[in-house]
Amino acid sequence: MPPEAPAPRELRRVRWWQRRAIRVAALVTLLALSGLVILALVREQTGTEGFLVGLGLATVPVPLLVAAFRWLDRVAPGPWRNLLFSFSWGACAAALVAIVANSFAIRWIATATADPGSADTLGATVIAPIVEESAKAAAVLLVFLFRRRDFTGIVDGVVIAGVTATGFAFTENILYLGNAFVTDQLSRESGLASVTAATFFVRVVMSPFAHPLFTVLTGIGFGIAALSAERQLLRRVLLPLGGLLLAMGMHALWNGSAVFGQFGFFTVYALFMLPAFGLLTWLAIWTRQRELRTIREELPVYAAAGWLTPAEPFALGSMRARSLARDYASYTWGKPAARTVAEYQTYATSLAFLRHRGRRGRAGADFVVRERELLEKLWERREPARPALAYAAQATAPVPVALPMPYGAYGGYGGYGSYGGYGHPAPPLPYGQPQAYPAYGYPTAYHNPYRP
């Protein structure tokens, strides 16, 4: 009797620890327990009143920082669950690791050297940067590994890393501001001369971007790795490690600024922190504009194949036109239509980035499947999206826009003539047989209802 054939992959028994619900529950439990322990530790150090004061003051920069990173991510917005996870990891898990590891390391060094002063300096300039940046980088690594579809480039790395660091700085600021308030209560200081006011000015007014700035270097490393081909394994490993080392170095320089004399902090702030902040801000905005340009360059192929209207590549490559299209849909058909148009814009953006990676040999093995999935989602949402985008294109560019066709291949699924350059075979679509997709009736390059 011949051996029994193995069951298909989708029919194999999934072990309990492989179930998505179990993994999500374990992650939520881990973050919740970390949050409770952090709450207890901070409250123990600051007291209830100090904790509440620190909590209120530490909350001030959080909405501004999160809004800034969300604005940067508006071209291809990632799911809110990724941002929620990143912030929670930074505020709970990473903060707990940092508090425990830093305290243990400083005590061990102080005991071994019998010099508590040197232990504090070494802990601030060496131990803390290594521990804290590694703990924050873990969130970026987890999103990179398990939410790979949502992590496609530099902007995604910057956003995930920045939000993680914002959560970490939030918890750290509660501790510092709470301790400052307790100090003022003991010394009966108040007003602008208080330690609380000075701490608030330095940590919240002058340098709310400090932790995000450090960790964003790690995020950029992961973002460049995400743009690399899967076969470039060494590059995909070394780039994140390089970004992490830069983050540790910048963090160490910042923490060690007090060692450089009376004006060391202001010297490091003016000569290193502000220029680095300006450079990374420029890089993030330039990358955002580059993403819009990619959309305008990659989508015309799908317009020629009938999947998009001719004006859509321009409208989807302009933030003003995208916003106007959502407003038009909301005003004309209501909020549900506006949400549909927003989804359409997101899927079209993902499609443009997918083609961009594929054209450079960086797409995964599921390139064709993913492309088909995105085109199906676009087709399902075309009714409100097309007129809204047509209106937006006309309103933002009254002069007819010449849409380039840079690649000139209209054959194959979604406008591709040949997938040879991508390593994917083209699906068979015989000429004159639009029933190649009978279940959906989608137009192809060979059967285009928009052509006369």
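Reader: Which residues does Val159 touch, not counting residues up to four places away in sequence?

Author: This is a predicted model: local features need pLDDT of at least 70, side-chain atom pairs count only at pLDDT 80 or more, and totals for chains, interfaces and linings use all residues. Residues are numbered from 1 along each chain as its sequence is written, and side-chain values use heavy atoms, without hydrogens and water. Contact means heavy atoms within 4.5 Å. With neighbours up to four places away left out, Val159 touches Phe69, Leu72, Asp73 and Leu83.

Reader: Which residues touch the most other members of the largest nonpolar core?

Author: A nonpolar core is a set of buried Ala, Val, Leu, Ile, Met, Phe, Trp, Tyr and Cys residues joined through side-chain atoms within 4.5 Å. Buried means under 20% relative accessible area, exposed over 50%, and partly exposed in between (1.4 Å probe, protein chains only). The largest core has 57 residues. Those touching the most other members are Trp89, Phe151, Val158, Val159, Trp254, Tyr269 and Met273.

Reader: Which helix gives the most residues to this core?

Author: Helices (H or I, at least four residues) and strands (E, at least two) are DSSP runs, numbered from the N terminus. The top contribution is 12 residues. It comes from α5.

Reader: How many residues are in the second core?

Author: This core is separate. Its members include Leu292, Leu316, Leu378 and Ala388. The count is 38 residues.

Reader: How are α1 and α5 oriented where they pack, roughly parallel or roughly perpendicular?

Author: Axes are lines fitted to C-alpha atoms, for helices over the stretch in contact, and angles run from 0 to 180 degrees between N-to-C directions. Under 35 degrees counts as roughly parallel, over 145 as roughly antiparallel, 65 to 115 as roughly perpendicular and the rest as oblique. Helix α1 (residues 20-58) meets helix α5 (residues 154-187) at about 85°, with axes 7 Å apart. The angle therefore makes the pair roughly perpendicular.

Reader: How many nonpolar residues are in the contact of α1 with α5?

Author: Ala, Val, Leu, Ile, Met, Phe, Trp, Tyr, Cys and Pro count as nonpolar, Asp, Glu, Lys and Arg as charged, and the others, Gly among them, as polar. The α1 side includes Ile38, Val42 and Phe51, and the α5 side includes Phe170, Ile174 and Val182. By class, the contact has one charged residue, nine polar and, among nonpolar residues, 13.

Reader: What kind of aromatic pair do Trp254 and Tyr269 form?

Author: Rings of Phe, Tyr and Trp (its six-membered ring) pair if their centres lie within 6.5 Å; planes under 30 degrees apart count as stacked, over 60 as edge-to-face and the rest as tilted. Here the centres are 6.3 Å apart and the planes 45° apart. Trp254 sits in helix α8 (residues 233-255) and Tyr269 in helix α9 (residues 264-298). The pair is tilted.

Reader: Is Thr218 buried or exposed?

Author: Thr218 is in helix α7 (residues 210-227). Among its contacts beyond four places in sequence are Ala137 and Gly243. Its relative accessible area is 0%, so Thr218 is buried.

Reader: How far apart in space are Arg362 and Leu227, C-alpha to C-alpha?

Author: Arg362 lies in the loop between α13 (335-359) and α14 (367-380). At 32% relative accessibility, Arg362 is partly exposed. Leu227 is one of its contacts outside four places in sequence. The two are 135 residues apart in sequence, yet their distance in space is 7.0 Å.
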